[in-house]
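User: I am new to this structure and would like a close look at the ligand and what lies around it. Could you start there and then lead me outward, explaining each term as you go?

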Amino acid sequence: MVNRLELPAGFRWGVSTASYQIEGAVAEDGRGRSVWDVFAERPGAVKDGHTGRVACDHYHRYGEDVALMRELGLDGYRFSVAWPRVVPEGSGVVNAAGLDFYDRLVDELLEAGITPLPTLFHWDLPQALEERGGWLERDTAYRFAEYAEIVADRLGDRVSAWITLNEPFVHMVYGYALGIHAPGRTLMLDSLPVAHHQLLGHGLAASVLRERGREVLIANNLTPVQPASADPADVAAAEAYDALHNRLFTDPLLLGRYPDLSAYGVGEDLDGCVREGDLELVSGPGLDGLGVNFYNPTRISAPAEPGLPFAESPIEGVPRTAFGWPVVPDGLRELLVGLRERYGAALPPIVITENGCSVADEVAPDGTVDDRFRIDYLAGHLDAVAHAVAEGVDVRGYYTWSLLDNYEWAEGFSQRFGLVHVDFETQRRTPKASYAWYRDLIAAHRARHGG
Ligand code: GBH
């Protein structure tokens, strides 16, 4: 038997989801349109033309889904609140029925002994705000803070910890630079104001939450970056990528300043939108925890042609997920140890807010789903977390992505990330082998620590 390292007593176990990926019911109870409703309808934007119109129908089936979580024995559930359900036009009129849904969900979770960990923005911006420029506009940050206040006023009596944004890097790059996610803009490096406006929105929302005595986290997708070779050009390219992917979204929060992007010839669009006092607003409220979403490390080489200051280079000789992403569990240990080295005492406790993989899971005739690939992936990454903890990194919890197979953005329903299989025709939920494995792992951890 492999002798795995222990995770500490009190370590928190959870699962993650996001509103547009599971809820469906996009036109119900007064919900406004989001950028994803619009983008998914663009011909060719999403694989097989799939939309989140029904998704996992979680809006109606949340009771069944919370029951599945209760049986897992979770400490926490990370979900996201759909801004257009709460404020259909992005600002102004509040939709009481939208708030009611999250109110019911929170009560159901608490009843099941599960701590709710809501994310305020997981990419489904109200379309009305997109029509006013979306996150390219500074105004959106202020509208975000207003919306945060509305949700916090309703749920804050029962919800003590909050995540402001999910993966501001991916939202900027996929949504505004490359156009492969909503809102589908292709601005390349002109999208950099989206970084600053999201971070400003985080800071403004964070102070609203802080004033109410609530804890604040952000969920950043971070990746350790390795140069493809020791060639100085590859090393410089890897540094540029690290600055844009990791430091751009973490330095301002923890250090109160942006990395010097001009060193890589790309800083101008950012400098143009940072006003005096902004960095105090971004870093001032502080963070009670840094959420880390981890999928894989990244290998970078010098650009072959001008344009971007780096090029991605495939990681060879390792297993790949159904999505084609390389599986390198030790990359998570490397990332966590690297964060501590980089930020030292400025680094707050870490929570792994997403980690998981897509597998081409099918339900066998006997009703089981054999996803041992996922079990190996999760076990390997938890072992990496335990090693980082043994090396002195303060990691407090782990939320796997995801509870359910769901709407995987531009890939539609073709990539399955769940511990629970979903038949998207019948909405039937079938727990996979990884579900039982995770349940037993949580129970064993608790038993060892007398929980
Ligand atoms: C997260 O994004 C999202 O928060 C979540 O909504 C989503 O469903 C989930 O992950 C799964 O995708 O080309 O091999 O270098 C993850 C963002 C961006 C992580 C691309 C992996 C590179 C893979 N991902 N990335 S690779």
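Analyst: A residue is near a molecule or strand if one of its heavy atoms lies within 4 Å of it. Which residues come nearest to the ligand? Gln21, His122, Glu167, Glu408 and Trp409 do, out of 16 residues around the ligand. Please keep in mind that this is a predicted model, where local features need pLDDT of at least 70 and side-chain atom pairs count only at pLDDT 80 or more, while totals for chains, interfaces and linings use all residues. Residues are numbered from 1 along each chain as its sequence is written, and side-chain values use heavy atoms, leaving out hydrogens and water.

Some side chains reach the ligand with polar atoms. Tryptophan 409 has a side-chain N or O atom 2.8 Å from a ligand oxygen. For glutamate 354, the distance from a polar side-chain atom to an oxygen of the ligand is 2.9 Å. Asparagine 296 also takes part, with 3.4 Å between an N or O atom of its side chain and a ligand oxygen.

Now let us step outward to the strands. Strand β3 covers residues 115-121, and six of its seven residues are buried (buried is under 20% relative accessible area, exposed over 50%, partly exposed in between, with a 1.4 Å probe and protein chains only). Strands here are DSSP runs of E with at least two residues, helices are runs of H or I with at least four, and both are numbered from the N terminus. Strand β2 (residues 76-80) runs parallel to β3, joined by five bridges; two strands count as paired if DSSP finds at least two bridges between them. One of these bridges matches phenylalanine 79 with proline 118 in β3. Strand β4 (residues 161-166) is also parallel to β3, with two bridges between them. Here phenylalanine 121 faces leucine 165 of β4.

There is also an open sheet of three strands, in the order β6-β8-β9, with mixed pairing. Its edges are β6 (225-227) and β9 (311-312); each has a single partner strand, so one side of each is left without a neighbour in the sheet. Helix α10 (residues 232-254) packs on this sheet and touches β6, β8 and β9, its direction making about 165° with that of β6. Such angles run from 0 to 180 degrees between N-to-C directions, with axes fitted to C-alpha atoms, for helices over the stretch in contact. Strand β8 (residues 298-301) pairs with β9 in the antiparallel sense over two bridges, and isoleucine 300 sits opposite glutamate 312 in β9.

Following the chain on from β9, we meet alanine 322 in the loop between β9 and α13 (330-343). Alanine 322 is partly exposed, at 42% relative accessibility. Beyond residues up to four places away in sequence, alanine 322 touches Ser358, Val359, Ala360 and Gln415 (contact means heavy atoms within 4.5 Å). Cysteine 357 is 35 residues from alanine 322 in sequence, with 7.9 Å between their C-alpha atoms.

Cysteine 357 leads us to arginine 374, in helix α14 (residues 372-390). Is arginine 374 buried or exposed? Arginine 374 is buried, with a relative accessible area of 1%. Leaving aside neighbours within four places in sequence, its contacts include Cys357, Ser358, Val359, Asp361, Arg416 and Phe417.

Finally, a word on charged pairs. The structure holds 34 salt bridges, each a side-chain nitrogen of Lys or Arg within 4 Å of a carboxyl oxygen of Asp or Glu. Arginine 210 and aspartate 288 form one of them, at 2.9 Å from N to O. This pair links distant parts of the chain, 78 residues apart: arginine 210 is in helix α9 (residues 193-211), and aspartate 288 is in the loop between α12 (278-283) and β7 (289-293). Arginine 210 is partly exposed at 31%, and aspartate 288 is partly exposed at 28%. In helix α14, which spans residues 372-390, arginine 372 meets aspartate 370 in a salt bridge of 2.8 Å, N to O. Arginine 372 counts as exposed at 57% relative accessibility, whereas aspartate 370 is partly exposed at 48%. A network of salt bridges also links Asp100, Asp103, Asp107, Arg154, Asp157 and Arg158.

Note on methods
A polar contact is a pair of N or O atoms within 3.5 Å; within protein, one must be able to donate a hydrogen and the other to accept it, and residues adjacent in sequence count only if both atoms are side-chain atoms.
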